[in-house]
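Here is a short report on one fold, told from a helix outwards. Please keep the sequence and the model in view while reading.

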Amino acid sequence: MEDEKDVFYVVRKGDIVGVYKNFSDFQPLLYGPNVAVFKGYRLPKAAEEYLATHGLNNAIYSIGASDVQSQLFGQLVPCPFQQPSSVNGKAGTRNAADNWIKKKAGSTSTPEGSQRKLPELESFMETLPVSAYGCSCILEFDGASKGNPGPSGAGAVLRAIDGSLVYRLREGLGVATNNVAEYRAAILGLRYALERGFRHIRVQGDSKLVCMQVNGLWKTKTENMTSLCKVAKELKHKFASFQICHVEREFNTEADAQANMAIHLQVGEVQEEVERR
C-alpha cells in the first residue's frame, strides 16, 4: 500500500500540466472541459529538479505539456476523480499516462489544425465571491435532430460549481430543426437552474448561433428563432450573473449524449438524473 503522505497529482488543462500536493488545490479545475487528473507517489528528485526550471509556479510545479518527458513522473495510475477514457483505467501500463498527458497538448506531435482553445472556467470563477460558489453552476447544452427537420431532442448537463451535484436533463421535442433543438436545450437547462436556486451561471454549447444571438451579437432571421431567443434572454436576466460561450463539439459530448437519448422520448417528456458527489 502506497503512503498517502507522499501522494501528488498531475493535472493537465489544455496545454499546461501542473503538479499538486493537495486535491483541494486543483478541485475547481475539475468541472471545466479539457481536464485530466492522474495520481502518483513519491515524486522523484530528478523530476523535481527538471520541473523547477519550467512552468508557471502556480502549483508545486507546472510545465508545458510538450516538455513532458517519457516517464518523468515515474509510475502513475488514472486518478478516480476524473479518468480519461483513452487510458482505459489500467494502472499497470507505465507509459499510458505519460502518453495521454502529452496527447493533444499543442506539441509538435499534435496534427496541425487540431488544437482547440476553450473559454477558461477560471475567468467565470474569478468574477464570483467565494460566498457565491454554492449557488453557481455550469450549464452544457445541445440539441439533436435526425433529418433537420426530423425527430428531435434537447439535452443539458448542469454542474454545481463546487462539484457537489450534477444534473443530466433530456426532453423530447417531436419534429423540429437542429437550431430549434439547440435553443430548447439551452432553455431547458436555464429553467432547471433557476428552479434549483442557482443565481450565477456559465452556459456553453456547440451552437454558435444560439451563443451569438443570446449575447446580442447576431440578429435572428426567423420568427421562430426570434421567439426562442426572447425566451432565453428573459431567463438570462433572472440570474445575478450570466455568461454564455461557444465550445467545439468535441467538448460538448455529455450534453450531446442527452440530446440523442431525448430523440426517443415523447413530445414534452422530460427525464432527469441527479448525481450527488
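In this predicted model, the buried residues of helix H7 pack against three elements: helix H5 (178-195), helix H6 (208-214) and strand S10 (241-246). Which residues of H7 are buried? They are Met225, Leu228, Cys229, Ala232, Leu235 and Lys236. Viewed down the axis of H7, these buried residues fall within an arc of 120°, so they line one face of the helix. An α-helix has 3.6 residues a turn, so residues three or four places apart point the same way. Glu223 and Lys230 sit on the other side of H7 and are exposed.

The length of H7 fits as well. Helix H7 covers residues 223-236, which is 14 residues. At 1.5 Å a residue the expected span is 20 Å, and the end C-alpha atoms are 20 Å apart, which agrees.

Now the sheet. It is open, has 6 strands and follows the order S10-S9-S6-S7-S8-S11. Its pairing is mixed. Strands S10 and S11 (270-276) are the edges, each pairing on one side only. On average, neighbouring strands are turned by 15° against each other, direction ignored.

Within the sheet, strand S6 (residues 136-145) and strand S9 (residues 200-205) run parallel, joined by 6 bridges. Cysteine 137 has isoleucine 201 in S9 as its bridge partner.

Two helices pack on this sheet. H5 touches S6, strand S7 (150-160), strand S8 (165-176), S9, S10 and S11. Helix H8 (residues 253-262) touches S6, S7 and S8. The direction of H5 makes about 155° with that of S6, while H8 makes about 140° with S7.

That leaves the cysteines. How many disulfides does a search of the whole structure find? It finds 0. Two cysteines that are in no disulfide are listed here with their nearest cysteine sulfur.

| Cysteine | Nearest cysteine sulfur | Distance |
|---|---|---|
| Cysteine 135 | Cysteine 137 | 9.1 Å |
| Cysteine 211 | Cysteine 245 | 6.5 Å |

A disulfide needs two cysteine sulfur atoms within 2.5 Å. Cysteine 135 has its nearest cysteine sulfur 9.1 Å away, and is in no disulfide. For cysteine 211 the distance is 6.5 Å, again with no disulfide.

Are these two cysteines buried or partly exposed? Cysteine 135 has 21% relative accessibility, so it counts as partly exposed. Cysteine 211 is buried, with a relative accessible area of 2%. The cut-off for buried is under 20%.

Notes: Residues numbered from 1 in each chain as written. Predicted model: local features only at pLDDT ≥ 70, side-chain atom pairs only at ≥ 80, totals over all residues. Heavy atoms only, no water. Helix = DSSP H or I, 4+ residues; strand = E, 2+ residues; numbered from the N terminus. Expected span 1.5 Å × (residues − 1). Buried < 20%, exposed > 50% of the residue type's maximum accessible area, 1.4 Å probe, protein only. Arc of directions from axis to C-beta. Contact = heavy atoms within 4.5 Å. Pairing = 2+ DSSP bridges. Axes fitted to C-alpha atoms, helices over the stretch in contact; angles between N-to-C directions.
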